Amino acid sequence: MNLKGKNILVTGAAKRVAREIALALADRGANIIVHYNTSAAPARQVVREIKSRGVDALAVKADQRNSNQVRQAVAQAIRHFGKIDALINSAAIYEKTPFAKLTERDWDFHIDANLKGPFLFALEVGRHMQRRKVRGKIINFADWAAYRPYSDYLPYCVSKAGVICLTQALAKELAPLVNVNAIGPGPVLLPPDFSAADRQAVIKSTVLKRLGSPQDIVNAVLYLLEGGDFVTGHTLIVDGGRLIRGSGM
């Protein structure tokens with residue numbers, strides 16, 4: 001896919017890695033739909049930065065756990081741009097949930113945000129692509145821990161495992177027009193509450209003995225969008241070898 005002039009929806013694009021993805025795609029000449037839920041001011045700032053690159057951008061608000069809000073956000077993007085060529089399902093939540101204190105609310109919160117949300121966006125955008133016969137791409141965000149879950153994050157790990165199955169199922173449902181793949185990041189941006197000891201433990205658990213960077217994830221997205229035209233239903237693990245090194249934390 002040549003990204004110049006394409007319209008790409010990036011969920012959670014106001015912050016962190018998703019923000020870097022949105023800006024990198026804009027640098028390639030793509031117009032960006034910046035999805036956000038509560039981060040209105042950062043989303044507007046990203047839109048300004050994207051437009052300064054000479055392409056168009058639009059911020060759309062939606063709680064991705066809510067089907068009506070997702071439907072409205074996608075419809076707003078289609079009204080503005082005419083069509084959507086790619087969807088990057090990068091918005092997610094990540095909270096520590098020790099088993100002794102684990103609640104149904106913890107489970108529902110992670111499953112709804114991390115699995116139902118990408119499903120709802122893929123449902124709306126995928127059907128749009130089918131109706132318009134758009135040869136599009138969808139990239140979901142899983143996690144290396146979907147294959148090797150670690151302690152104290154049970155609902156999160158299960159939600160990301162579900163994303164892998166969702167990706168494979170969508171790849172079948174939307175073929176041959178739409179390629180659907182996933183990226184499974186490892187340690188790239190650690191949570192702000194991680195201690196120095198936690199950080200060193202994570203680094204030690206990788207084969208490459210270092211943390212990754214947002215650019216590593218950007219590179220994976222660019223490969224799947226620009227070069228992965230014969231790849232679908234695949235999960236690309238970008239974790240510095242942490243998956244093969246062991247479960248670690």
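This passage walks through the overall fold, the charged side chains and a few unusual backbone sites of the structure shown above. The model is a predicted one.

Taking the chain as a whole, its secondary structure comprises eight helices and seven strands. A compact globule of 249 residues would be expected to have a radius of gyration near 18 Å, and the value for the protein chain, 17 Å, agrees with that expectation. Along the principal axes, the C-alpha atoms occupy a box of roughly 50 × 40 × 35 Å. Burial was assessed residue by residue, and 52% of the 249 residues count as buried. Contacts across the sequence are well represented too: among contacts with a separation of 6 or more, 75% are made by residues 24 or more positions apart. The protein chain presents an accessible surface of about 11600 Å². Carbon and sulfur atoms contribute 52% of that surface.

Charged side chains come next. The protein chain carries 34 positive and 21 negative charges, and the mean positions of these two sets lie 4 Å apart. Side chains of opposite charge can pair when their charged atoms come close. In this model, the count of salt bridges comes to ten.

A helpful pair to begin with is Glu-226 and Arg-28, whose closest N and O atoms are 2.9 Å apart in a salt bridge. Glu-226 belongs to helix 7 (residues 214–227), while Arg-28 sits in the loop between helix 1 (16–27) and strand 2 (31–36), so this salt bridge ties together parts that are 198 residues apart in sequence. Neither end is hidden from the surface: Glu-226 is partly exposed with a relative accessible area of 29%, and Arg-28 is partly exposed at 41%.

Glu-20 offers another example. Its salt bridge is with Arg-19, and the closest N and O atoms of this pair are 3.3 Å apart. The relative accessibility of Glu-20 is 32%, which places the residue in the partly exposed class. The pair does not stand alone, as Arg-19, Glu-20 and Glu-49 are linked in a network of salt bridges.

Asp-106 and Arg-105 also meet through their side chains, with an N to O distance of 3.4 Å in the salt bridge. Here the two partners fall into separate accessibility classes. Asp-106 is buried, with a relative accessible area of 12%, whereas Arg-105 counts as partly exposed at 46%.

Which buried residue has no salt bridge, with Asp-143 as the nearest side chain of opposite charge? The residue is Lys-160, and Asp-143 is 6.3 Å away from this lysine. That distance is beyond the 4 Å within which a side-chain nitrogen and a carboxyl oxygen would count as a salt bridge. Lys-160 is located in helix 5 (residues 154–174). Setting aside neighbours within four places in sequence, Lys-160 is in contact with Ala-92, Asn-114, Phe-141, Ala-142, Asp-143 and Ala-146. Asp-143 is thus one of the residues in contact with Lys-160, even though Lys-160 has no salt bridge.

Arg-44 is found in helix 2 (residues 40–51). With a relative accessible area of 48%, Arg-44 is partly exposed. The C-alpha atom of Arg-44 is separated by 8.0 Å from that of Ala-14, a residue 30 positions apart from Arg-44 along the chain.

Finally, the backbone deserves a look. Most residues other than glycine have a negative phi, and most peptide bonds are trans. Ala-175 and Pro-176 are joined by a cis peptide bond, with omega at about 0°. Pro-176 is part of the loop between helix 5 and strand 6 (179–185).

Positive phi values occur at Lys-133 and Asp-152, neither of which is a glycine. For Lys-133, phi is about 55°. This lysine lies in the loop between helix 4 (104–132) and strand 5 (137–141), and at 65% relative accessibility Lys-133 counts as exposed. For Asp-152, phi is near 75°. Asp-152 is placed in the loop between strand 5 and helix 5, and its relative accessible area of 32% makes Asp-152 partly exposed.

Technical notes: Residues are numbered from 1 along each chain as its sequence is written. This is a predicted model: local features need pLDDT of at least 70, side-chain atom pairs count only at pLDDT 80 or more; totals for chains, interfaces and linings use all residues. Side-chain values use heavy atoms; hydrogens and water are left out. Helices (H or I, at least four residues) and strands (E, at least two) are DSSP runs, numbered from the N terminus. The radius of gyration is taken over C-alpha atoms; the globule rule is 2.2 Å times the number of residues to the power 0.38. Buried means under 20% relative accessible area, exposed over 50%, partly exposed in between (1.4 Å probe, protein chains only). Contact means heavy atoms within 4.5 Å. Accessible areas come from the Shrake-Rupley method with a 1.4 Å probe; for residues, only the protein chains shown count as cover. Lys and Arg count as positive and Asp and Glu as negative; His and the chain ends are not counted. The place of a charge is taken as NZ of Lys, CZ of Arg, CG of Asp or CD of Glu.
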